[in-house]
Structures are given as structure tokens and as C-alpha cells.
Amino acid sequence: MNLDDTIVAIATPPGRGGIGVVRLAGPDARAIAAPMLRLKHELEPGRAIFGELIDTRQKGTSTRIDEVVVTFFQKPHSYTTDDVVEISAHGSPVVLQHIVELALAAGARLAEPGEFTMRAFLKGRLDLTQAEAVRDLIDSQTLFQAKVAAQQLEGALSNRLKPIKQRLVDLIAVLEAGIDFAEDDISIAPDAVILDGIAEVRTPLEALAATFAYGKIVHEGLTLAIVGRPNVGKSSLFNRLVESERAIVTAQPGTTRDLVSETVAIGGIPLKLVDTAGIRKALDEAESIGIKKSIEAFSDADLVLVVLDASDLPSDEDRDLLRQVEGRPAIVVANKCDLTSFRPPLHSDVLHSEAPDASAAHPDRSAAHPVNPYVPSSSSSLPQSSVNLRVLRGSSFLRQSSVNPCESSSSSFSLAPNPGSTASRLQIVATSALTGAGIPELRAAILQKVGGERSPQLESGLLTNARHRKLIDDSLTALAAAAHAVDAHVPHEMLLMDLYSALRPLDQITGATTTDDILNLIFGKFCIGK
């Protein structure tokens, strides 16, 4: 790639719009732009000049094509550090393409994808993490994503890596000095000092690597599947979360036959919500296909909302779904809490394959009238100490509570897994898709499940890129090998090989050392005009 020629490209998205921008960068940018422009004033660095775009293809004529605003950025004070001219015209594809054709005819070259940013990188204006942040900022779907990308563009990750890399370089320098100048009585660092030096590099690198789990979610988003049996309010809940009537809702069970998806932002995290067909024994071929797709969406989802009907007894389908989400990121939603005085179950009797036997705890109550685990029971007034825990696990005794979650500011509870299960407790949130009660609490529960203990605050130098994570892991592997070499009393010449192996990936993150293939892969994903 020739960095000394002048390149041109349309810098705004394809299509029609109020304004379109054509960008020229290179030593001849100003000279190439001048003949096609009739300006009221000469171009001056950092000033926008009003003028006219004229057609110069026919000698002796200068037909006006459009009114334009032209901005000149003089090197090195430009995006690419070259002379840059940006011509803002009306956003007609015909006009913008005409400007490009005039520039090409005058000696410019059509820019490659990402070439403007690659020039900024190769000429030292940006490091590689900042260049990648440009693409992330352009691709951001939420304001939070844009803020994280803007931090990276300002050099947040590079600044976080800089002191870590310096500690590693200092350690390498100490060992190199001990080897090169041994005859000059330069003391060789003892093993304990070397191990401390390695630990000072490993600890912050491990902390940085740990940010990738959340950073990847911020960067890529998640898929959330809403599952449950028919008519529990999945589509109504979906519509509440997307804040529009996106899915069809009727009183007839099995209305949803196909997957309905929509991307929303919750706490700045892009979530692809997928409304699924009710899971039950299919009544016809179309429903069977829909249920199959629901199961596939359920399996592929990063997070699952299992929707239950708080006004009805748990069914076999409910219990089966709850068993399947044990050990997976999931939230149980007890919907239709406006139809009953909902109470969270003390134990997850809904997880059992058999319907709870109320008569075991209530001899005077017929088994033909089972107790709904979501509805208050008179037995809930009994002190817990007087109730046999084994019976509790198989019955529908409930925690004593005088608060209706549909009317409460908080409707999150914990639903324990099957007795003896090692799965984490399932969170249960009471909602009413009809009234909107519990929806803010559900959003908060989703955000907490996505981000763990993190709050949606900006963390400086967050790892959001898989390439960066791979290189950090490579560096940590080399540091672990170096620590092992110290314990094994390996000669320092060999130890240095591991330390240099730890340094190279850190250089590759910022682009201090990288290959042309990697650069082409990174910048090839950019748009042409960037």
C-alpha cells in the first residue's frame, strides 16, 4: 500500500440523505479538489468554506452541480496526518459519485476499506487498539457501547497496558544486565525478586483478562429466549420489554407459531429478545415446527426467561422447563400476578415431576384440591419450625408474607433448585404483562444476570475484543512458564525467552509489532470511507 499517494472515498453511508461527505487525503488533496470547486474564499486550515461544485469535464464550461461546504485540514493536524479535504454536498449518490470520479480523473486513487484509519495508525496518530475502537464506535448499537468505544479511542486500554508492559520490560532489563555484564560485578537478581517481578506483571494482566466476560457482552450483546407453555403471557411480556406491539397476542393458546425477535437495550447492553411458541404436545404440523424452533432458540440462548402462570398450578411442561434451565443463566417469571395474591414458594416444589400432595401437610384437605404454590395458603401462617422440611419440599407451603409483589417496589425472590441439586438458586420475578407491574424489576434482574455484580458503569480499559483476549492469554501463559522456569532454576538465558514471549503479545495488542496479514484483517472490516 502506497502511503504517499492521494486517496478518495465517500465517507458517509450509502443511500440518500441531507448531507454526504467525500474525503480526500494525501499530498495532492488540495490540488485535486481545487478545479472542481468555486469557493468564495481560499481554503484555510480548520475553516469551513462555502462554495459551488462545478462540472469540469467539458473544457470551457463550468456548470454548477451543487452547493457545498469544504473543510481543509492541513498536515499533520488531520485524521490521517496528511493534508485532508472534506467536501460536504447534498446527500445524492449521483452527486457524491461525481465528486469521486472527478477526483479519480485528477489523479487520486480510490481508498481501500479502512485505509484512512490505517494511515492514521501507520503514521503514529493512533495505536492499534484505538484504530479498532473507531470501528467499534461506528458499529455501536447503544449509547453505552459508544461510550466504551470512545474510551478505547482515547487510549484507555493502551494506558492500562502501558505500566504493565513497563514492569515486564524492567524485569527483562535487569536479567539482561546480569547476563551481559556479569564480569563487571553486576549482581544477578535472586529468584524471589524475579518471582515478585513476574507476579507484578501477572496480577494486573489477570485482572484485565477477567474484564473480557463482561466486555464481550457489552461489545456483542446477548440473545434472550422467552419460553413457557402456551398462554402464560410470553408474547405480552415480550411486547412489554420491547415497548411495542411487536408480537400478536390473543386469548387463544398457541397464537405464536414462529419465532419473533427484536433487539433492545437494557442498561446499555444490546439484547436480542426472542419470543417463542408455547411448548406443549403439538396439535398440528405447523405448531410442531414452531415448538421445534422454540426448543432450538431455548438451547442457543445466552439467557432464558421461563414464564409461568402465577394464577394457575404448575404443569408438567413447567417442571420440565425448570429442570432444563438448572445450571444455566435463567430467570423464572411468574406472570399474571395481578390475577392472584402471589407468594414465592419456600422450596421449588414446581420442580418435582409429581404434583405436590397437599394432603401430606393438610390431612383435612382433599388431594383433589391441590394448593397452588403461587397462591397464599392458610398453612403459611404456621411457624416454620413446626413444619417437617421433608414434607415442605413435597408440598406447597409458602413463606409467610404480607406483601403482594404486584404492588411492591421489588418483586424478586429466590427459587431453590431440586433438593440435592448443585445448581445455583433460580431467581423468580413476579410480573403482570397486562398492567406492567414488575417489569422494571425484571429489567433490573436481567441486567444483574448479564453483568453479575457489575453495575453498568464505565470501566477504564475494558477488554471487548477477542483478539486482545487471546493475546493477553498468550502473555499469561508465557509468564506462567517463566515462573515455572524460576522454580526449576533454569538459566536466565532460557528464562528470558519466556519473558520475551510474554512481551510480544502485549506489543501486538497496541500494534508495536504486528504482521501485514493481521493489519489487513483488522482494517478490511472497515467501511471504504473510513
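**View 1. Cavities inside the predicted model.** A search through the whole of this predicted structure turns up 2 cavities of 30 Å³ or more. The largest cavity holds about 50 Å³ of space. Which residues line the largest cavity? Thr129, Glu132, Ala133, Asp136, Gln152, Leu157, Thr464, Asn465 and His468 do the job. Sort that lining by type and you get 5 polar, 2 charged and 2 nonpolar residues. Helix H4, which covers residues 128-139, gives the largest share of the lining, with 4 residues.

**View 2. Valine 332 in its strand.** Now look for strand S12, made of residues 330-335, and pick out valine 332 in it. Is valine 332 buried or exposed? With a relative accessible area of 1%, valine 332 is buried, because the cut-off for that word is under 20%. Valine 306 is worth finding too: the two valines are 26 residues apart in sequence, and yet their C-alpha atoms are 4.8 Å apart in space.

**View 3. Strand S14, covered on both faces.** Here's some background for this view: side chains in a regular strand alternate between the two faces of the sheet. Strand S14 runs over residues 426-430, and 5 of its 5 residues are buried. On one side of S14 you'll find Leu426, Ile428 and Ala430, and on the other Gln427 and Val429; they are all buried, leaving both faces covered.

**View 4. S12 and S14 side by side.** In which sense do S12 and S14 pair? They pair in the parallel sense, over 4 bridges. To spot one of the links, start at valine 333 and look across to S14, where valine 429 is its bridge partner.

**View 5. The buried face of helix H11.** Helix H11 takes in residues 316-324, and its buried residues are Asp318, Arg319, Leu321 and Leu322. Look down the axis of H11 and these buried residues fall within an arc of 165°, so they line one face of the helix. A handy rule helps here: an α-helix has 3.6 residues a turn, so residues three or four places apart point the same way. What covers the buried residues of H11? Strands S8 (222-227) and S11 (303-309) are among the elements that do, along with S12 and S14.

**View 6. Zooming out to the protein chain.** Step back and you can count 16 helices and 14 strands. The chain has 530 residues, and buried ones make up 48% of them. Take the contacts with a separation of 6 or more: 70% of them are between residues 24 or more positions apart.

Conventions:
Residues are numbered from 1 along each chain as its sequence is written. This is a predicted model: local features need pLDDT of at least 70, side-chain atom pairs count only at pLDDT 80 or more; totals for chains, interfaces and linings use all residues. Side-chain values use heavy atoms; hydrogens and water are left out. On a 1 Å grid over the protein atoms alone, a cavity is a set of points where a 1.4 Å probe fits but cannot get out, and a pocket is an open set with protein on both sides within 12 Å along at least five of seven lines; lining residues have an atom within 4 Å of a point. Grid points are joined across faces, edges and corners, and a volume is the space filled by probe spheres set on the points. Helices (H or I, at least four residues) and strands (E, at least two) are DSSP runs, numbered from the N terminus. Ala, Val, Leu, Ile, Met, Phe, Trp, Tyr, Cys and Pro count as nonpolar, Asp, Glu, Lys and Arg as charged, and the others, Gly among them, as polar. Buried means under 20% relative accessible area, exposed over 50%, partly exposed in between (1.4 Å probe, protein chains only). Two strands pair if DSSP finds at least two bridges between them. The arc is that of the directions from the helix axis to the C-beta atoms. Contact means heavy atoms within 4.5 Å.
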